[in-house]
Amino acid sequence: MQTPQRYDADRLLARLDRFDLTPFARGLRARVRELLCCGPQDTVVDVGCGGGRAVAEISAEGPHAVGVDLDPRMLDAARSRHPEADLRPGNAYELPLADASVQGYRAEKVYHSLDDPARALSEAYRVLAPGGRIVLAGQDWDAYMVDAADSGTTRSILRSYADRMPDARAPRRQRALLLDAGFHGVEVEGSVLVFTDEEVLPMLTALAEAAEEAGAVSAEQAASWTADQRERAREGRLFAAVPFFVVSAVRP
Ligand SMILES: C[S@@+](CC[C@H](N)C(=O)[O-])C[C@H]1O[C@@H](n2cnc3c(N)ncnc32)[C@H](O)[C@@H]1O
């Protein structure tokens, strides 16, 4: 499992904030709320709630929302942003919730950091009441694509990024994992998140640095790849994209 210590929490929060305010992310959260189908009497848990935005949005629509996160720094940020929210320290593998106590379970951009998603899904099954709905949303980081002059170095950089995650391919596996866990009515929706403006440049340069540190590319390869991306940014020719999946199911 990816421990919170491996994150730079401030950088992650800043990145989440930039993403969460985009039309894509707003639309995604709205679609997740729709798929959860929860009413004012229901309780929804947001596992890996981060800064708490989804928790606040769900509560504003009526259901009681509980945010759970492993990282105390994320919970601190969530509490300062949403003082009225029900936010609890906890792990996706052992949720601070009673059996069959929630009607909705959501996790967004979380399952790629779990090394045992089947265990997390069996915990989801435990806390969901019969008829309750689970919705998982996230990027398939092993299908991340970046346009670059040197396709070999690009492949090495992106593979190194995916290989450092506990489960970069989590979204493509979730359908089968939900079926294995005994969920019914599993449905998958997909879209592609496209980045063309220079805001993605820091993430791309960080990818090259990390791949160099991991020994996946040489310093020269990383420098020349980064120079190519900087040039593309200057010329307005950046292109990066990652597929995003929303997988939903019902606990029988
Ligand atoms: C990329 S952030 C996404 C946050 C939020 N869901 C969002 O969409 O903005 C992943 C979050 O999952 C949390 N997390 C990672 N592993 C976890 C686990 N095993 N149990 C609970 N939370 C976890 C991290 O601390 C982090 O806040």
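Cysteine 49 is buried in this predicted model, with a relative accessible area of 7%. The sulfur of cysteine 49 has its closest cysteine sulfur in cysteine 38, at 17 Å, and this separation is too far for a bond. Since a disulfide requires a pair of cysteine sulfur atoms within 2.5 Å, the count for the structure comes to zero disulfides. Cysteine 38 likewise takes part in no disulfide, the nearest cysteine sulfur being that of cysteine 37, which is 7.4 Å away.

The ligand is surrounded by 19 residues, of which Gly48, Asp69, Ala92, Glu108 and Lys109 come nearest. When this shell is divided by class, nine of its residues are nonpolar, five are polar and five are charged. Polar approaches to the ligand involve both side-chain and backbone atoms of the protein, as the following cases show. In the side chain of aspartate 69, an N or O atom is found 2.6 Å from an oxygen atom of the ligand, while the side chain of asparagine 91 places a polar atom 3.1 Å from a ligand nitrogen atom. In glutamate 108 the atom concerned belongs to the backbone, and this polar atom is 2.8 Å from a nitrogen atom of the ligand. On its own the ligand has 600 Å² of accessible area, and the protein covers 95% of that area.

Lysine 109, one of the residues that come nearest to the ligand, is placed in the loop between β4 and α5. Although lysine 109 is not a glycine, its phi is positive, at about 55°. With a relative accessible area of 17%, lysine 109 counts as buried, because that value falls under the 20% limit. A positive phi is also found at alanine 100, again a residue other than glycine, where the angle is near 50°. Alanine 100 belongs to the loop that runs between β3, residues 86-89, and β4, residues 102-108. The relative accessible area of alanine 100 is 35%, and this residue is therefore classed as partly exposed, a class that lies between the limits of 20% and 50%.

Helix α5, which spans residues 117-127, contains glutamate 123. Despite being a charged residue by class, glutamate 123 is buried, and its relative accessible area is 9%. The side chain of glutamate 123 forms a polar contact with the side chain of arginine 126, at a distance of 2.8 Å. When neighbours within four places in sequence are left aside, the contacts of glutamate 123 are with Ala92, Tyr93, Glu94 and Leu95. Of these contacts, Ala92 is also among the residues that come nearest to the ligand.

A further buried position is threonine 226, whose relative accessibility is 10%. Threonine 226 lies in helix α9, which covers residues 219-235. From this position the side chain of threonine 226 reaches the backbone oxygen of alanine 222, the distance being 2.8 Å. If residues up to four places away in sequence are not counted, threonine 226 touches Thr205 and Ala208.

Key
Residues numbered from 1 in each chain as written. Predicted model: local features only at pLDDT ≥ 70, side-chain atom pairs only at ≥ 80, totals over all residues. Heavy atoms only, no water. Near = heavy atom within 4 Å. Polar contact = N/O pair within 3.5 Å; in protein donor to acceptor, adjacent residues only side chain to side chain. Areas by Shrake-Rupley, 256 points an atom, 1.4 Å probe, with all protein chains shown as cover. Helix = DSSP H or I, 4+ residues; strand = E, 2+ residues; numbered from the N terminus. Buried < 20%, exposed > 50% of the residue type's maximum accessible area, 1.4 Å probe, protein only. Contact = heavy atoms within 4.5 Å.
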